[in-house]
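Let's take a walk through this structure, one piece at a time. Have the viewer open and follow along.

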Amino acid sequence: MIVLDTNVIVAAVRSRKGAAFQLLSLVGSARFHIAVSVPLVLEYEDALLRQLAETSLSKADIHAVLDYLCSVGKHQDIFFLWRPMLRDPKDDMVAEVAVAAGCDSIVTYNRRDFVGV
């Protein structure tokens, strides 16, 4: 089980050439499973819609991607907050899902922001 940081989702949507797109393409396969929470999906939505002009996708396309992530991801309720834990409160949200779901990994482009987790 893994949790995807928002920057990975945004990178995947912005370019089909990178590792993030390849990883996102594997979501829903048997290779790994993702964990999501309501606050994390709302963060994904906010970030993706802010980047809409930088993509070839429509608002409906973004919502289809989010709907798919929600349909294949393990919905993780957060019963307690581990905040503040990191410099960026949005990173705390990712860490909370990872801890609550017992994830093996956090996939991010900002490894230094998760030092100590």
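Keep in mind that this is a predicted model. A good place to begin is helix 3, which runs over residues 38–50. Its 13 residues reach 18 Å from the first C-alpha to the last, close to the 18 Å expected at 1.5 Å a residue.

Now look at which of its residues are tucked away. Leu-40, Val-41, Glu-43, Tyr-44, Ala-47 and Leu-48 are the buried ones in helix 3. Because they cover an arc of only 155° around the axis, they end up on the same side of the helix. The general background is handy here: an α-helix has 3.6 residues a turn, so residues three or four places apart point the same way.

What do the buried residues of helix 3 pack against? Their partners are strand 1 (2–4), strand 2 (35–36), helix 1 (6–14), helix 4 (59–72) and helix 5.

That last partner takes us to our next stop. Helix 5 spans residues 89–101 and holds Val-99. Val-99 counts as partly exposed, because its relative accessibility is 36%, and partly exposed covers the range between the 20% and 50% cut-offs. On the surface, Val-99 joins Phe-79 and Phe-80 in a nonpolar patch, and together they have about 340 Å² of accessible area.

Finally, head to the segment after strand 4 (105–107), where you'll find Asp-113. Is Asp-113 buried or exposed? It's buried, because its relative accessible area is 17%, and the cut-off for buried is under 20%. Leaving aside residues up to four places away in sequence, Asp-113 touches Leu-86, Arg-87 and Asp-91.

How values were computed. Residues are numbered from 1 along each chain as its sequence is written. This is a predicted model: local features need pLDDT of at least 70, side-chain atom pairs count only at pLDDT 80 or more; totals for chains, interfaces and linings use all residues. Side-chain values use heavy atoms; hydrogens and water are left out. Patches are made of residues with over 30% relative accessible area and no salt bridge: like charges are joined within 9 Å, nonpolar side chains (Val, Leu, Ile, Met, Phe, Trp, Tyr) within 5 Å. Accessible areas come from the Shrake-Rupley method with a 1.4 Å probe; for residues, only the protein chains shown count as cover. A salt bridge is a side-chain nitrogen of Lys or Arg within 4 Å of a carboxyl oxygen of Asp or Glu. Helices (H or I, at least four residues) and strands (E, at least two) are DSSP runs, numbered from the N terminus. Buried means under 20% relative accessible area, exposed over 50%, partly exposed in between (1.4 Å probe, protein chains only). The expected span of a helix is 1.5 Å times one less than its number of residues. The arc is that of the directions from the helix axis to the C-beta atoms. Contact means heavy atoms within 4.5 Å.
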